[in-house]
Amino acid sequence: MEAEIYNARNGSDFHCDVEYAYNSGFGLSHATVDYISNAKGEESWLRKFRHRALDIFFSKDLPKWFDHGEVRAMNFDKIRYYLAQGEKVGHTWEDVPDKIKETFERLGVPENERKFLAGVEAQFDSEAAYSRMKDALLERGVIFVDSTVGLKEYAHIFRKFFATVVPVDDNKFSALNSAVFSGGSFIYVPAGVKVEQPLQAYFRINSENFGQFERTLIIVGEGAEVTYLEGCTAPRFDTSNLHSAVVELIALPGAKIQYITVQNWSNNVYNLVTKRAVAHANGDIRWIDCNIGSKLTAKYPAIILKGERARGEVLSIAVASNGQRQDTGAKMIHLANDTRSNIISKSISIRDGVASYRGLVKIAPGLSGCRNKTCCDALLLNGGSQSATYPMIQSIGSKNRAEHEASVSRIDGEQIFYMMQRGIMEKHALSLSVNGFINDLVREFPMEYSVELKRLIELETENSIG
Amino acid sequence: MSTLEINKLSVSVEGRMILHDFSLLIPEGEVHALMGPNGAGKSSLANAIVGHPHYKIESGDILFDGASIIGLPPDERARLGIFLSFQCPAELPGISVANFMRAALQARSKEHVSATEFYKKLYECMDLLRIDRSFTSRSMNVGFSGGEKKRFEILQILMLQPTCILLDEIDSGLDIDALKIVAKGFNSFRGEGISALVITHYKRLLQHIVPDAVHIMDSGRIVRSGGLELVDSLEESGYQRVGT
């Protein structure tokens, strides 16, 4: 049984030895930034941008609510900031080097691409190894490339929106990303184009003592629609890996963006990510954020509701197992009248895992007709499991409404007994109960993901009673 | 084989004795009724038989098919064929009727339970109990009326086909029409190879589920045993007289 759990939970726990043409070496300095900029052959504005960001990173403290001892102890000099093969991005899987292709095949990426995706980008350490989108979308003017290509070939659009949603100095890790970013997706959907099937990015960390800093920028034109999926895995190493992405979404008037994450990093990855979106008038943005892996995740997807009647939603699932800390949440910033936001967060703490919800709902002065509803439910599986909720609501004026509901529950012994009286084994009863707890949220995921998600959660749960 | 034999069973809950040297034999194929005042220990007996963790066996034995089941976890006892229809069935938020029933069915089957066969059987049983088919996607027992919960307990009997059935106040909260449907469901199932214990306060149920024997219980012991005539004298004079 242990072996079975290990294999399924850690089906991604393998790595391959590859030669890197580019390796920035250990540590972080202005020389590191120059190394990355040279490797990518960047223009001087970008090089300056990176250097300025690095200065900000050095000068900034960790966020003040950040009391995680492990992060304070993290040694930024023991990480390599850029590892790349220096090959062109493949547009067919035949173009991808064999070892890397094999990695993504084992992770099921090409299979999913054939089954239900409109486009795929597969990133291996610092750079994309593969990227392809259906021709029909290309003809309609949709752009889906990695950020390196995006900056080269679509600089006029990229530069206009880049770092406008997440300023470089937003926090220490957004500054770090801005200094050393590489990879990630650049998506542009022209006005009126509805991309029916999801676009997917798969982020793979292969190397030890490595930091992955992808930068994703998604711009969706008036009345256009897109769904973006991201998956992430890494092999387990004894040393720490760092993943610190910045993701910016822009929904122009009436546009609709759905961004779905299934984060299953191995338990040695620090996952410190800044995700933020802007919704213009009648825009509609939805973050569906599922965190199962990593050692520590600190991530609070945000939506700035900038135009009237914009809508925002964050659905968050976090599972904190033994030794894990999931510090997740959401931020909703209402800046226009009649904007609506909704946050549903469900967390499960197993053994000594700690899952916390940290949220901010802000309604700017002078507005009316704004609504927020926040609902946080936490489930504790074992005696030592912990959960915490830190909501903050700043609502000014009487013409708006913000509601917050929170619950913490333990698995109900009578429920488990009832199921066992029907012949169901205790561990299965437990996982039925846990799946029941998050079922309404899991249903929001595409089928292919929800099956996988349920399976992962079942295994974590069944493992909890040993 | 489904004979249930309880020998000199003593049970405590949190240090308090609930059953004292309790003995009862229900041979295969028979339905026995168990009556008695509130607090007599009827539900405790049922819970002890199915292995509820709150009930501690102090001494005595419970034999099913001649083998002791004491010490077996509740799910194993269930898979041997022992089923308790709860007085207040637990609500299972987020677990649909269909998912739950299928998990329970799968738990006792070595082969994969196919979706087609499962739904066919489920719909047949639901029709018999006049349960609307839309219930399959609702969370088990959540927001169900008292009567609906009882029908779903019987539905599980029809689906899981246990051989030893304990009905704990299946009639509480049921109107006469629902009672008839529930009794009809049970009667369609009882018979050869099935033993059952029917716990109730009222004669009304026993007019629809006619027992082979009646036992009156008080303070953790059986005080009288007999046939249906015992029920009549109960209705006339109450537990006090019958017990003494």
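How many residues of chain B are in contact with residues of chain A? In this predicted model, 19 residues of chain B are in contact with 17 residues of chain A, two residues being in contact if their C-beta atoms, placed from the backbone, lie within 7 Å. Local features need pLDDT of at least 70 and side-chain atom pairs count only at pLDDT 80 or more, whereas totals for chains, interfaces and linings use all residues. Residues are numbered from 1 along each chain as its sequence is written, and chains are lettered from A in the order in which they are written.

**The interface and the helices of chain B**

On the side of chain B that touches chain A, at least two residues each are supplied by helix H2 (74–80), strand S7 (92–96), helix H3 (97–107) and H5. Helices (H or I, at least four residues) and strands (E, at least two) are DSSP runs numbered from the N terminus. This side of chain B comprises 13 nonpolar, three polar and three charged residues. Ala, Val, Leu, Ile, Met, Phe, Trp, Tyr, Cys and Pro count as nonpolar, Asp, Glu, Lys and Arg as charged, and the others, Gly among them, as polar.

Helix H5 (residues 146–160) of chain B also packs with helix H6 (residues 176–189) of chain B, at an angle of about 10° and with the axes 10 Å apart. Axes are lines fitted to C-alpha atoms, for helices over the stretch in contact, and angles run from 0 to 180 degrees between N-to-C directions. H5(B) is therefore roughly parallel to H6(B), a term for angles under 35 degrees. H5(B) contributes B:Gly147, B:Lys150, B:Arg151, B:Ile154, B:Ile157 and B:Leu158 to the contact, and H6(B) contributes residues including B:Ile181, B:Val182 and B:Phe186. Eight residues of this contact of H5(B) with H6(B) are nonpolar, two polar and two charged.

**Exposed loop residues of chain B**

The table lists three loop residues that count as exposed (12 or fewer other C-beta atoms within 10 Å of the residue's own).

| Residue | Loop in chain B | C-beta neighbours within 10 Å |
|---|---|---|
| B:Glu14 | between strand S1 (4–13) and strand S2 (16–26) | 8 C-beta atoms |
| B:Ser109 | between H3 and helix H4 (115–128) | 11 C-beta atoms |
| B:Arg130 | between H4 and strand S8 (139–140) | 12 C-beta atoms |

B:Glu14 has a positive phi of about 45° although it is not a glycine. Phi of B:Arg130 is also positive, near 50°. The C-alpha atom of B:Ser109 is separated by 9.4 Å from that of B:Arg79, 30 residues apart along the chain.

**Domains and core of chain A**

Chain A is divided into domain 1 (21–412) and domain 2 (413–466), with bounds from an automatic or database domain assignment. The domain centres, taken over C-alpha atoms, are separated by 27 Å. Domain 1 gives 24 residues to the contact and domain 2 gives 21. Helix H6 (109–116) and strand S13 (256–263) of chain A are among the elements that each supply at least two residues on the domain 1 side. That side has 16 nonpolar, four polar and four charged residues.

The largest nonpolar core has 204 residues, and those with the most contacts inside it are A:Ile187, A:Val220, A:Ala251, A:Ile257 and A:Ala277. Both domains of chain A give residues to this core, so it lies between them. Such a core is a set of buried Ala, Val, Leu, Ile, Met, Phe, Trp, Tyr and Cys residues joined through C-beta atoms within 7 Å, buried meaning 20 or more other C-beta atoms within 10 Å. Not counting residues up to four places away in sequence, A:Ala277 touches A:Val165, A:Leu249, A:Ala251, A:Ile257, A:Ile285, A:Ala302, A:Ile303 and A:Ile304.

How values were computed:
Angles under 35 degrees count as roughly parallel, over 145 as roughly antiparallel, 65 to 115 as roughly perpendicular and the rest as oblique.
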